[in-house]
Amino acid sequence: MSASQPPFDSPEIRRLTPVLGPGHTYGSVTDKISSIVLTRPTSLGWYIGFLISFGLTGVLTVAIGWLVTKGVGIWGINIPIGWGFAIVNFVWWIGIGHAGTLISAILFLLNQKWRTSINRFAEAMTLFAVACAGIFPLIHTGRPWMAFYMFPYPSTMGLWPQFRSPLIWDVFAVSTYGTVSLMFWFVGLIPDLATLRDRATEKHMKIIYGMLSMGWRGSARHWHRYQSAYLLLAGLATPLVLSVHTVVSFDFAIAIVPGWHTTVFPPYFVAGAIYSGFAMVLSIAIPLRKAYGLEDFITMRHLDNMAKVMLATGLIVAYGYFFEFFLSLYSGNKFDVFLVNQRLHGPYAPFYYSLILCNILLPQSLWSYKLRHNVPFLFIMSIIVNIGMWLERFVIVVISLTRDFTPSAWGRYTPTVWDWATFIGTIGMFVMLLFLFVRVLPAISIAEMSELVSETSEDGK
Amino acid sequence: MHRRSHIYGIMGEFREPQELLHAVEKIREAGYRRVNAYSPFPVEGLSEALGLKRNMVPFICLLGGLVGGVGGFFFQYWAAAITYPQNIGGRPLNSWPAFIPVTFEMTILGASLAAVFGMLALNKLPQPHHPVFNVHRFVHATSDRFFVCIEAKDPKFHLPECARLLEQVHAQHIAEVSDD
């Protein structure tokens, strides 16, 4: 796996900001990561954080329960705004997931060593974000218990899904994405689960981790096939992750609604997904390394690189905004021109300006080396970008739908308390799953970190 | 020549991957073929040192991808053009460009499932028990030690000789692996 280093990644530069703190051995890496799960007492902060997020998950349950009882009328949606928060949140969550796959698959193929300490929890973040995303279209159908209609199954009615519909493409893209992300994550976990099995002192832990690790014993013959499978999965996940947000953008781009019907959507959605995803990885990594003292593993180099990826993808997104704007004006289509006008001067103009501020103007501060190395600042910036990307989806969904072709059919959208409860509830569920994850599974890959120790010690000789 | 025995093999332990690699090379040079190594992470060059050939995982993955892609496309064709045709504004029933996104996703899904389950099947996992787990110190194989095992099935296997060979390559904690 260790090919020659790219020229810009010279040893001198790496010594300045290493991807792994100095003085680590195989044993110390294993101890440090597995101790978080096995021996460290659960801190008070963990309990408080878990309880708060668990409470918010309860809010989600109540919101969904009420929705199932009363129907989608409890939300602020009505014709002409049929999509509202459900689709805004769906696109936001699924976009966040993309950074996890990018880190684990694309950076793996590019042999970027700095991915090693962040890929595991970024993949977990992907899974949890996809789980949150999946809730929205499901409950938006109004009758979620009929959702299996979207899958091709031999029904007694002889009915099949409409495969020409982007909404069916979405079902396939998101479910494939969820499945492949889960497998990628689990395959990466197998050797670490075996480590936990072998280091656990309590019987029930040995049994649970033993079952999950499936009898992995680090055999060279197993590693041989394992590496092939892992490389293939990375190669397959790469086009997959690009396809998922492309398909999500088709939900909009295939329609003829002004502001949606544009060819720039697929690349600009993918860039936006990676942008918000890296912001979320930073929002998770910064508290995580602080809480568990992982500064040696998630170093300043990681934070710096992630900030740079955010800056780069943010610029692609800015380019997308510009061309969306320009093409609408250049097309001369009066509905498109009107839409631009609505974004700048309409009832939702403050959202548009906040979006430009959060996604384009403020992130330019990341050009500064000093600010990229200011951890609290980075944390705040990552939150700002997440808010900005949520606003972007709000602007796209709501402004286009409120005022389309015929003024008599115009409307207004105001989210209700149930819209907010569902949205905040999914954030709670996401955070709760993350809390559980860091407590029961190794948040950093032990096997890959040991490999990194082996490689860095060779470099030292 | 296969002798019934209650020994699975003999195992030696190393602190560094380079030592393991060196030992495996020496053992192979001495003519042993039923040799396996165990390490907490994949050691570069170990597959070659053990003489492992190319594995079947990529081929299985390709098959899975083909089944997923071809099956996915023709399934949509069958559903949209044969069993449940709908005339929408006189557009062609076999509107194949609209079938490509789902075909693509099914290709990826088929290939990924085949790669993962193919790998597990070829590795004979899950396997709850294996003789190497009988060695007391083998718990270190998943954290900070590297092991080599000469298996009793090797035609040249002779316990004292193998023990001597492992000593020569500076293996520590040489231990018999019992077969139950």
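**Exercise 1. Helix crossing in chain A**

Task: Determine in which sense, left-handed or right-handed, α9(A) passes α14(A) in this predicted model, and describe the contact of α9(A) with α14(A) by residue class.

Solution:
1. The crossing of α9(A) past α14(A) is left-handed.
2. Helix α9 of chain A spans residues 265-291 and helix α14 of chain A spans residues 375-402; their axes come within 8 Å and cross at roughly 145°.
3. On the α9(A) side, the residues that meet α14(A) include A:G272, A:Y275, A:A279 and A:I286. Their counterparts in α14(A) include A:L378, A:F379, A:N386 and A:E392.
4. Divided by class, the contact of α9(A) with α14(A) comprises 11 nonpolar, 5 polar and 1 charged residues.

**Exercise 2. The sheet of chain B**

Task: State in which order the 4 strands of the open sheet of chain B are arranged, and establish whether the residues of β2(B) are buried or exposed.

Solution:
1. The strand order is β2-β3-β1-β4 in chain B, with antiparallel pairing.
2. Strands β2 and β4 (172-178) of chain B form the edges, each pairing on one side only.
3. Neighbouring strands of this sheet are turned against each other by 20° on average, direction ignored.
4. Strand β2(B), residues 35-38, joins β3(B), residues 146-151, through 4 bridges in the antiparallel sense. Within this pairing, B:V35 lies opposite B:I150, and B:N36 lies opposite B:C149.
5. B:V35 and B:A37 on one side of β2(B), and B:N36 and B:Y38 on the other, are all buried, so that both faces of the strand are covered.
6. Helix α5 of chain B, residues 159-168, lies across β1 (7-14), β3 and β4 of chain B and runs at about 10° to β1(B).

**Exercise 3. Domains of chain B**

Task: Identify the residue ranges that the domain assignment gives for chain B, and state how many Å separate the two domain centres.

Solution:
1. The assignment gives domain 1 as 7-54 + 129-178 and domain 2 as 57-122.
2. Taken over C-alpha atoms, the centres of domain 1 and domain 2 of chain B are separated by 44 Å.

**Exercise 4. The contact between the chains**

Task: Find which element gives the most to the side of chain B that touches chain A, and characterise the packing of α8(A) with α3(B).

Solution:
1. Chain B contributes 49 residues to the contact and chain A contributes 50 residues.
2. On the chain B side, β2, α2 (46-49), α3 (57-83) and α4 (100-122) each supply at least two residues.
3. Of these, α4(B) gives the most, with 12 residues.
4. By class, the side of chain B that touches chain A has 33 nonpolar, 13 polar and 3 charged residues.
5. Helix α8 of chain A, residues 220-253, packs with α3(B) at an angle of about 35°, the axes being 9 Å apart.
6. That contact involves A:R225, A:S228, A:A229 and A:L232 of α8(A), together with B:V57, B:P58 and B:C61 of α3(B). The residues divide into 5 nonpolar, 1 polar and 1 charged.

**Exercise 5. The environment of A:H204**

Task: Explain why A:H204 counts as exposed, and locate A:H204 with respect to A:F121.

Solution:
1. A:H204 belongs to helix α7 of chain A, residues 203-213.
2. A residue is exposed if 12 or fewer other C-beta atoms lie within 10 Å of its own.
3. A:H204 has 8 C-beta neighbours inside 10 Å and therefore counts as exposed.
4. A:H204 and A:F121 are 83 residues apart in sequence, and their C-alpha atoms are 24 Å apart in space.

Technical notes
Residues numbered from 1 in each chain as written. Chains lettered and ligands numbered in written order. Predicted model: local features only at pLDDT ≥ 70, side-chain atom pairs only at ≥ 80, totals over all residues. Buried ≥ 20, exposed ≤ 12 C-beta atoms within 10 Å, placed from the backbone. Pairing = 2+ DSSP bridges. Axes fitted to C-alpha atoms, helices over the stretch in contact; angles between N-to-C directions. Left-handed = near helix turned anticlockwise from the far one by under 90°. Contact = placed C-beta atoms within 7 Å. Nonpolar A, V, L, I, M, F, W, Y, C, P; charged D, E, K, R; others polar. Domains from an automatic or database assignment.
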